[in-house]
Amino acid sequence: MGKRDNRVAYMNPIAMARSRGPIQSSGPTIQDYLNRPRPTWEEVKEQLEKKKKGSKALAEFEEKMNENWKKELEKHREKLLSGSESSSKKRQKKEKKKSGRYSSSSSSSSDSSSSSSDSEDEDKKQGKRRKKKKNRSHKSSESSMSETESDSKDSLKKKKKSKDGTEKEKDIKGLSKKRKMYSEDKPLSSESLSESEYIEEVRAKKKKSSEEREKATEKTKKKKKHKKHSKKKKKKAASSSPDSP
């Protein structure tokens, strides 16, 4: 059996394109873009100058606005001037009336000046009285504050004293109950203990009980530590045993 012929005919792409002929382009070519009409340097300068100057319509609009604004300003000035003139005339009339009054009533002015001085003296006296009242009120408020603070301190002291008294009474009652119990169990001798000695004995017993509790807690802690240490040793032994052979 012979080999198969897998050869394929080679086609030159350039030759194929030439055989097809020229391609019909659907848009402008590069040459068309390069050969487009362009403005001269003088035309470009004219366009730039026009942009700098601005449009004629905008300039005309600005001129009209300025003229209108000037007219409004003139009207406003006229109104202000007319108002100032009328106010000046009114002032002159008032001054004339006042001068006539002063010339006709010189005695009345002296009386009014004396009355004004009296009113000023009364105002000063009233101001002094107000200051005194304020100082008194301030002092009274301070005294009331100090009284309230002293009352609160006294009440706190009384409360503390009452608490101490109740605690002492409770201790005495507890001691009497314990003595009664002790007398029922064992009759007291003629040389019985005093209250202070009995209190000292009770305190010594409490101290002993607290010390015993602390010792018990320390022992439990030591036992726990010993157990942990023994577990660690066992783990180390178990880990070292397979490694040795």
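# Exercises on a predicted helical model

The count of salt bridges in this protein comes to one. The model is predicted. Work through the tasks below with the structure open.

**Exercise 1. Find the residues whose side chains meet in the salt bridge, and state whether they are buried or exposed.**

Step 1. Apply the cut-off: a side-chain nitrogen of Lys or Arg within 4 Å of a carboxyl oxygen of Asp or Glu.
Step 2. Look at R7 and D5. Their side chains meet at 2.9 Å, N to O.
Step 3. Check the cover. R7 is exposed, and D5 is exposed too.
Step 4. Add the general principle. Side chains of opposite charge can pair when their charged atoms come close.

**Exercise 2. Describe the order of elements and say what share of the residues is buried.**

Step 1. Count the elements. There are six helices and zero strands.
Step 2. Read from the N terminus: α-α-α-α-α-α.
Step 3. Turn to burial. Of the 245 residues, 1% are buried.
Step 4. Take the surface. The accessible area is about 25500 Å², and carbon and sulfur atoms hold 53% of it.

**Exercise 3. How many residues of helix α1 are buried, and what follows the helix?**

Step 1. Locate α1 at residues 13-20.
Step 2. Count its buried residues. Among the eight residues the count is zero, so the helix is hardly covered, given that buried means under 20% relative accessible area.
Step 3. Move past the helix end. G21 follows α1, and its phi is positive, near 100 degrees.

**Exercise 4. Which residues form the nonpolar surface patch, and why can Y33 belong to it?**

Step 1. Name the members: I30, Y33 and L34. Together they have about 370 Å² of accessible area.
Step 2. Place Y33. This residue lies in helix α2, residues 30-34.
Step 3. Test Y33 against the patch cut-off of over 30% relative accessible area. Y33 has 54% and is exposed, so it passes that cut-off.

**Exercise 5. Assign the charged surface patches and place one residue of each in its helix.**

Step 1. Take the negative patch. D118, E120, D121, E122 and D123 gather there.
Step 2. Place E122. It sits in helix α5, residues 106-185.
Step 3. Take the positive patch. Its residues are K124, K125, K128, R129, R130, K131, K132, K133, K134 and R136.
Step 4. Place K131. Helix α5 holds this residue.
Step 5. Check accessibility. K131 reaches 60%, so it counts as exposed.

How values were computed:
Residues numbered from 1 in each chain as written. Predicted model: local features only at pLDDT ≥ 70, side-chain atom pairs only at ≥ 80, totals over all residues. Heavy atoms only, no water. Helix = DSSP H or I, 4+ residues; strand = E, 2+ residues; numbered from the N terminus. Buried < 20%, exposed > 50% of the residue type's maximum accessible area, 1.4 Å probe, protein only. Areas by Shrake-Rupley, 256 points an atom, 1.4 Å probe, with all protein chains shown as cover. Patch = residues over 30% accessible without salt bridge, like charges linked within 9 Å, V, L, I, M, F, W, Y side chains within 5 Å. Lys, Arg positive; Asp, Glu negative; His and termini not counted. Charge placed at Lys NZ, Arg CZ, Asp CG, Glu CD.
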